[in-house]
Structure formats: C-alpha cells, structure tokens
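I opened this notebook to record what I looked up in a structure that was new to me. The entries follow the order in which I consulted it.

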Amino acid sequence: MAKVLPIAQLGAAIIRKISAPVKDIHAEQIQNLIDDLLLTCHNANGMGIAAPQTYHAKRIFIMSSQPNARYPYAPVMEPEVVINPEITWQSDAIEKDWEGCLTLPGLRGLVPRRTKIKVRYTNREKVKVERVYEGFLARIFQHELDHLNGKVFIDRVESTLDIVMEKEFQRMLNEKICHTH
Ligand code: ZN
C-alpha cells in the first residue's frame, strides 16, 4: 500500500544534493517509491513533487497539474511519472510567473523560466518519452528538474523583492494585480 511520505523542508541537506540516475526502474523499491510519490503529491495538493523532497536522492519526479485555490490557472493533466529527465532544447524566450514549493511552505516567488522546452525521460514502464512542454507545464518540469540538481525556486528569482508570503500572494491574486500574463 502506498504511503504518504514526509516532505523535507529547506535546510535539510538532501534538498541541496544532486540526485542519482535510476538504473533499475522495474525494481520493487523504485516502483513503491513512485506509488508513494504519487500519493504524497496528491495528498499535498502539489503540482509536482521530486523524490529528493521525500528524502530519496533519485532522479524521479511527478508532474500533476490540476487547478486549485493556490493555482487557479493550472491546466488539467494526468499525473506523469518522470525518470532520468533531460531538457534537449529550450526556447530563448523567458517568462516570469509565480511558483511555490512544498519544501518552502508559505513562500511564493516570481521565477523566470524558459517558455518552451523539449524533454526526454523514461516513464515507470521503462518506456522512453519525448515531449514538448509550454507555459505552465514547462514551468513545472523545470522546477522539478531543479530539485534533482539541488536547486529551489528562490535560487532563480531576480530579486528578493520577487519573493512574497502565501497570505499576501492570495490577497494579490484576489485583487488580480499579480498576474504577469
Ligand atoms: Zn518544489
């Protein structure tokens, strides 16, 4: 049975570690970890979660975009299991938009990201996948890939003025002054 995993907070050493590639995707331990990540992501209402956020330094993350109160403009997608990901091409165009993170609860940052990326990864059935992601999904992918390399979103903000607390973010959202689109 899948279990909800504890989420490492900023300051935990694993959040700054470079995670190791997964070689044995069919191993029971890896498949169980994937089930646990899917449940933990769903349980936390996350748009994604990376294995190191749950104290496992493996190159695996979940992307799971669903609109909710924190991300009302998120597109709907089935949760996707991403293993050993690579970005094979990225647009020159960069866009700033708001991000949050289960590892930095209560914080929001205006983060510059590539607007369009081509990616390659392996899924949990060990099938090689190539995709093009744009906009919000490209943003999630880049955010989660950063976790596998020991980076968090506040490392990428251009100014500390681009970091706000969740409560004020919600107020801004309600006043519709935070949208950069
Ligand atoms: Zn995160």
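The entries below treat the metal site, the sheet, the helices and the salt bridges in turn.

**Entry 1: the model.** I noted at the outset that this is a predicted model.

**Entry 2: the metal site.** Which residues coordinate the zinc ion? I found Cys-101 through SG, and His-143 and His-147 each through NE2, at 2.0 to 2.3 Å. Along the chain, I read the spacing of these donors as C-x41-H-x3-H. I then placed two of the donors: Cys-101 is in the loop between strand S4 (94-99) and strand S5 (107-114), while His-147 belongs to helix H2 (residues 135-148). This pair is 46 residues apart and links distant parts of the chain. I also checked whether the two are buried or exposed, and both Cys-101 and His-147 are buried.

**Entry 3: the sheet.** I traced an open sheet of five strands, ordered S1-S2-S3-S6-S7, and recorded its pairing as antiparallel. Why is one side of S1 and of S7 left without a neighbour in the sheet? Strand S1 (48-50) and strand S7 (128-134) stand at the edges and each has a single partner strand, so one side of each has no neighbour there. On average, neighbouring strands of this sheet are turned by 40° against each other, direction ignored.

I looked next at one pairing in detail. Strand S6 (residues 116-122) and S7 run antiparallel and are joined by seven bridges. Within this part of the sheet, I found Arg-120 opposite Glu-130 of S7.

**Entry 4: the helices on the sheet.** I noted that helix H1 (residues 28-43) packs on the sheet, where it touches S1, strand S2 (60-63) and strand S3 (80-90). The direction of H1 makes about 35° with that of S2. I then turned to H2, which lies across S1, S2, S3, S6 and S7. H2 runs at about 155° to S2. I also noted that H2 is the helix that holds the zinc donor His-147.

**Entry 5: salt bridges.** How many salt bridges does the structure hold? I recorded 15, and looked up several of them.

Lys-3 forms one with Asp-36, with the closest N and O atoms 3.0 Å apart. Lys-3 is in the segment before H1 and Asp-36 is in helix H1, 33 residues apart. Lys-3 counts as partly exposed, at 49% relative accessibility, whereas Asp-36 is buried, at 5%.

Arg-16 and Asp-155 meet through their side chains at 2.7 Å, N to O. Arg-16 lies in the segment before H1 and Asp-155 in the loop between H2 and strand S8 (163-165), so the pair ties together parts that are 139 residues apart in sequence. Arg-16 is partly exposed at 43% relative accessibility, and Asp-155 is partly exposed with a relative accessible area of 35%.

I returned to Arg-120, whose side chain meets that of Glu-86 in a salt bridge (3.6 Å, N to O). Arg-120 is in strand S6 and Glu-86 in strand S3, 34 residues apart. I found Arg-120 partly exposed, with a relative accessible area of 34%; Glu-86 is partly exposed too, at 39%.

**Entry 6: a network.** Which residues are linked in a network of salt bridges? I listed Glu-99, Arg-113, Arg-139, Asp-146 and Arg-156.

How values were computed
Residues numbered from 1 in each chain as written. Predicted model: local features only at pLDDT ≥ 70, side-chain atom pairs only at ≥ 80, totals over all residues. Heavy atoms only, no water. Donors = N, O, S within 2.8 Å, 3.2 Å for Na, K, Ca; no water. Helix = DSSP H or I, 4+ residues; strand = E, 2+ residues; numbered from the N terminus. Buried < 20%, exposed > 50% of the residue type's maximum accessible area, 1.4 Å probe, protein only. Pairing = 2+ DSSP bridges. Axes fitted to C-alpha atoms, helices over the stretch in contact; angles between N-to-C directions. Contact = heavy atoms within 4.5 Å. Salt bridge = Lys/Arg side-chain N within 4 Å of Asp/Glu carboxyl O.
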